[in-house]
Amino acid sequence: MSAVLPEKTDKAGERTEPVLVAEGLVKRFGNFTAVDHVSFRVDKGTIIGFLGPNGAGKSTIIRMLCGLLTPTEGRAFVSGTDVAKDPETVRQHIGYMSQKFSLYGDLTVMENLRFFGGIYRVPRKVLPERIRFAVTMAGLDGRENALVSTLAGGWKQRLALGCAILHRPPVLFLDEPTSGVDPESRRRFWDLIHALSGEGVTIVVSTHYMDEAEYCDLLALINRGQLLALESPTALKKRNLGGTLLSIECADIGKALHLLEGQPGLLDLAAFGNAVHALIDPARTTPEQLFALLSGAHVPVDHIVPIEPSIDDIFVRMVGEARESQEGEPGRRAG
Amino acid sequence: MSPALPPRIEARKLVKRFPGVFAVNEMSFSVGEGEIFGLVGPDGAGKTTVIRLLAGVMPPDSGSATIDGVDVVADPERAKQFLSYMPQRFGLYEDLTVDENIRFYADIFEVAPSIRDQRIGPLLSSFGMAPFQRRLAGQLSGGMKQKLGLICALIHTPRVLLLDEPTTGVDPVSRRDFWKILYSLREQGVTILISTAYLEEAERCTRLALVHQGVMAYCDTPARLRAMMPGKLLNVVSSQARDVQKAIASLPGISGALLMGDRVHVAVDDDGRRIPEIVRVLEEAHIPFEPPVPAEPTMEDLFLALLRERRTSP
């Protein structure tokens with residue numbers, strides 16, 4: 001995916017300036033190429049998710065975009081500023097929220113906000129109004145003097161977001177922002193993120209979880225330093241898995257797995273509680289054949305239905321393919 | 001889940017209080033052979049505390065727990081022969097090699113040297129760790145560290161395996177490998193109790209419990225829990241998803257309209273009735289959209305709907 005994406009236009013038909021641009025970005029550490037010629041353009045207000053295995057190069061790309069690492073080759077721009085030439089300006093234009101929220105538990109809500117306001121050099125004149133906004137956004141009105149350590153996860157998370165945007169950065173980086181918070185807080189959080197994106201903030205999310213990936217406008221799949229795909233979750237799920245994905249619901253999953261393993265036309269198998277997910281090559285086997293095989297071996301089957309692959313399914317498949325083509329490995333193992 | 005077999009894990013009215021909170025409030029459940037039982041819930045729901053009570057590393061304030069019929073409070077030493085507990089931060093020695101770590105745990109679990117060698121080889125190869133035997137544990141990736149932790153926990157062939165959020169921070173490829181291993185252990189007769197904060201992962205369990213504020217809110221197979229989902233879910237894909245959300249969020253019969261990238265995830269009471277209404281409203285507002293399609297509820301949809309119901313019913 002080194003091709004530069006076509007320029008996009010916004011609703012009014014005007015050309016929009018991309019806020020994040022990477023052109024042939026490379027980062028090497030000694031002999032190791034952590035990021036290998038990655039190019040993309042992200043428009044204003046887009047929520048982009050970076051997905052990839054540990055060590056795939058996600059954080060290296062993000063660190064370069066934050067002006068914390070200098071690219072070995074290629075260029076990257078944040079709001080038009082070259083990250084290699086002017087990392088200081090880049091850092092003033094971004095907000096960052098880590099997984100651990102990096103709040104001070106022994107300080108109050110208000111003290112944390114003032115502290116981060118100072119770090120981000122928010123002008124004194126506007127600070128009270130920005131703090132007010134953050135408190136309300138986090139749903140912490142009336143709890144300004146509570147110690148942060150006494151707050152539940154969802155509140156901490158929204159407060160951390162409030163702190164990260166005190167200086168009104170045009171670009172916001174979030175690292176697994178909703179891991180471990182309860183579902184209701186997670187949805188509230190994403191509502192806030194979508195509201196920010198609606199106001200034109202460009203948001204970069206780095207995550208391992210499709211719970212989070214599903215909320216993004218665009219997903220960048222990174223593997224071994226390369227960009228495997230850059231498209232919407234909906235488009236990604238329509239990608240060819242290389243076969244048909246079936247959900248086979250049956251009582252005895254263990255026996256079903258044994259029987260199915262190694263059958264011709266079976267490309268992959270995974271157990272899911274009461275069902276086996278089987279990826280089949282429809283030219284070589286059919287749901288009817290699998291049904292007959294299992295029933296014949298006294299494994300009663302409740303349903304066999306084709307299912308839409310999850311982002312995880314697509315991701316694992318694409319990473320597997322990339323690995324095979326790079327290493328010339330023989331076919332995927334089922335089991 | 002055969003009721004004829006005695007439960008491998010049994011919790012009876014377990015209670016654990018910490019200053020000011022009920023971390024675990026009267027939890028009872030039993031897990032039989034062949035189950036992968038999931039404790040699902042957000043951070044702070046009480047998952048870790050339940051696992052610690054079951055592992056016998058923390059005594060309950062009241063109630064009891066048994067592993068293979070042995071009371072973990074009354075006879076912790078005997079119970080520990082049957083169980084392995086992998087805490088969130090498993091104690092690997094980063095300056096020891098993979099092999100040395102495994103041998104260290106074999107010593108702790110008092111595995112006889114002759115049996116030890118027979119077990120280490122197959123464990124290493126079935127986890128795909130054989131090539132890394134001499135690598136320092138500190139130099140392994142997150143996924144490989146989790147696998148090494150599991151090998152160490154399995155060196156004494158336990159009947160019950162307690163895993164506290166083993167896949168947190170592990171990428172999807174390694175997670176899939178990890179689950180394959182869990183299913184093969186289940187085949188070998190190991191009963192597994194696993195906690196996770198990731199609802200999507202819950203689908204992998206044969207039975208799961210939704211844990212909320214120290215209470216087990218629901219406990220059943222994923223399929224039966226799914227069948228409890230009230231109403232229907234729809235996806236509306238649009239290049240102007242934000243406008244779609246605004247236009248339909250307050251229509252009657254719509255209990256949720258969640259913006260997700262290029263689509264809106266809509267919870268409705270009756271799809272047959274609401275789809276035409278949604279279509280009409282969007283057409284009148286001249287918002288481009290693709291026809292609404294039914295969506296499978298995610299575990300998150302389910303969790304939210306069930307908790308909402310619980311709150312409104314007495």
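Q: What makes a stretch of chain A a domain here, and where do the bounds come from?
A: Domain bounds come from an automatic or database domain assignment. That assignment divides chain A into domain 1 (18-237) and domain 2 (244-327). This is a predicted model, in which local features need pLDDT of at least 70 and side-chain atom pairs count only at pLDDT 80 or more, while totals for chains, interfaces and linings use all residues. Residues are numbered from 1 along each chain as its sequence is written, and chains are lettered from A and ligands numbered from 1 in the order in which they are written.

Q: What makes two residues count as being in contact?
A: Their C-beta atoms, placed from the backbone, must lie within 7 Å. By that rule, the contact between the two domains takes 13 residues from domain 1 of chain A and 10 residues from domain 2 of chain A.

Q: Why is 233-237 of chain A called a helix?
A: Helices are DSSP runs of H or I with at least four residues, strands are E runs of at least two, and both are numbered from the N terminus, so this run is named helix 8. Helix 8 of chain A gives the most to the side of domain 1 that touches domain 2, with 3 residues.

Q: How do you know which residues of chain B's side touching chain A are nonpolar, polar or charged?
A: Ala, Val, Leu, Ile, Met, Phe, Trp, Tyr, Cys and Pro count as nonpolar, Asp, Glu, Lys and Arg as charged, and the others, Gly among them, as polar. In chain B, 38 residues are in contact with 38 residues of chain A. Sorted by class, that side of chain B has 16 nonpolar, 9 polar and 13 charged residues.
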